[in-house]
Every structure is written in C-alpha cells, then in structure tokens.
Amino acid sequence: MDKSYMKFTQFHMDILEELDRENGIVHSPYFTEGSYVVYSIKNSCLTLWVFHDAIDKYLSIPTYYICVSPKDKIKGAGHQLDCMILPLLDNCMEANIRDYIDMVLDYLCLRQWAEVQLGKVSTTVKKDIKKNKKMLTVIEPGLDYYLFDSKWYTEISNDESFQVSGHFRLQPYGDGTRKLIWINEYTKNGYHRKATIDKVKDGDISLT
C-alpha cells in the first residue's frame, strides 16, 4: 500500500459512514511481524484491537485498544481524527502504533471503492490431542481469507504552467456507486490522456 499510504485522509468520514456496523480482521506485511488487527465500525467510530502472536505460544494476546472517531465534520482536505490509544499489557511499547489506524483505513478504502482481484487462501491448524495416553499432533482446516491487489486508474494531463501532485479521487457513477481512482502527478497544460476507467467505459480496453 505504498502508493495509498496517508493519501486517504479526505475519505475517512465517507468510509466510516458507508461501512457502519462492519467487523473484520486485517493482516498486513506492513504491520509488526506476528501482529494483526481486529476492527469494528459503529456510528462513524472505528475501534481496533491489536493482537500479537509472538507473546504467548498458544494464544494471540491483545496489546492495544484503539478508538478512532472524526474530530470534526469536515469532508475532504483538513479533516482530522480523534484517537484514544490504550496499552493493554505492561511494558508494551510500539513507536508507530498510529500506523495501524492509517493502514486499516487505507485497506477499507481500497477494498470498498477500488477495482480489486480477489484470491482465496485456505489455512490449516496444528492441534495436540491426547489419544490412548499419547499426545498426537493433528492437522485441521483453519480459517479462509482473501488476498487482493488493486488495479489503479490513471488520468494524466500535461501543462508547462504548474505541476499537480498525485492524488486519489472518489469517482461517482450514474448507478449510485463510487470507485477509488488514482490520479498521477501531472503538469497542467491542457493535454489529456484518458484514465483507464474511461477507456474501459468506452470499450477501448477490457479488464481481466
């Protein structure tokens, strides 16, 4: 999520309103190794529990409780979030704990509005059981989860007068849906290259 990181601030209120009463789990390679986040959204408030697998051999231990809510009613630029962060274990310190908030919100924006490709992954779980006074290790089906990659839609214009930095756009459609598109950095001069979303709509290309 390098491209999206810290780029979705203007969509925070939209995503929290649209996903009201949703619960889920997010695991990312950008998180601290062995950690994942359980999230819940209610009344435009995002609640996170950060878990770590490496603390206990048999249990995932919650290390932080985080509550996030809009600090204002501003949509778009200038919007801020109020954050309450509570450590749940003594001597548990993470320098970049707020990164979990940004990454979960980024994930939700991408999953909700961007064109994605889903891939189902099935897992297994090892369990130790006692049978005939002996300990045996058995393998049972675990949880299924999904991996996704975003397909970005790019719109570029060029002009010698000034530069426009890259940014995301929440593009509305006639059927009432919205999709997240990326507008690359460009020089404003009146030259326009079609965004991929327009090429798809016009039949110039097809997505597979």
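**Close-up 1. Lys-127 and its salt-bridge partner, Glu-140.** In this predicted model, Lys-127 has a relative accessibility of 40%, so it counts as partly exposed. Its side chain meets that of Glu-140 in a salt bridge, with 3.3 Å from N to O. Here the pair links distant parts of the chain: Lys-127 belongs to strand S6, while Glu-140 belongs to strand S7 (residues 134-151), and 13 residues separate them. What about the other partner, Glu-140: how exposed is Glu-140? With a relative accessible area of 32%, Glu-140 is partly exposed.

**Close-up 2. The second largest pocket, with Lys-127 in its lining.** Let's stay with Lys-127 and look at the open space it helps to line. This pocket holds about 230 Å³ of space. Its lining is made of Asp-53, Lys-57, Tyr-58, Leu-59, Ser-60, Lys-126, Lys-127, Asp-128 and Thr-137. Which strand gives the most to this lining? That's strand S6 (residues 115-131), with three residues. Sort the lining by class and you get five charged residues, two polar ones and two nonpolar ones.

**Close-up 3. Asp-14 reaching Arg-178.** Now for another salt bridge: the side chains of Asp-14 and Arg-178 meet at 3.3 Å, N to O. Why does this pair tie together parts that are far apart in sequence? Asp-14 sits in helix H1 (residues 12-18) and Arg-178 in strand S11 (residues 178-183), so the salt bridge joins parts 164 residues apart in sequence. Is Asp-14 buried or exposed? Asp-14 counts as buried, because its relative accessibility is 11% and the cut-off for buried is under 20%. Arg-178, on the other hand, has a relative accessible area of 28%, so it is partly exposed.

**Close-up 4. Glu-18, another partner for Arg-178.** The side chain of Glu-18 also meets that of Arg-178 in a salt bridge, at 2.7 Å from N to O. Again the pair links distant parts of the chain, with Glu-18 in helix H1, Arg-178 in strand S11, and their positions 160 residues apart. Glu-18 is partly exposed, at 35% relative accessible area.

**Close-up 5. Salt bridges that share a partner.** How many salt bridges does a search of the whole structure find? It finds four, among them the pair Lys-127 and Glu-140 from the opening view. Which residues are joined into one network? Asp-14, Glu-18 and Arg-178 are, through salt bridges that share partners. Arg-178 is the shared residue here: it meets Asp-14 and it meets Glu-18.

Terms used
Residues numbered from 1 in each chain as written. Predicted model: local features only at pLDDT ≥ 70, side-chain atom pairs only at ≥ 80, totals over all residues. Heavy atoms only, no water. 1 Å grid on protein atoms, 1.4 Å probe; cavity = no way out; pocket = protein on both sides within 12 Å on 5 of 7 lines; lining within 4 Å. Points joined across faces, edges and corners; volume = space filled by probe spheres on them. Helix = DSSP H or I, 4+ residues; strand = E, 2+ residues; numbered from the N terminus. Nonpolar A, V, L, I, M, F, W, Y, C, P; charged D, E, K, R; others polar. Buried < 20%, exposed > 50% of the residue type's maximum accessible area, 1.4 Å probe, protein only.
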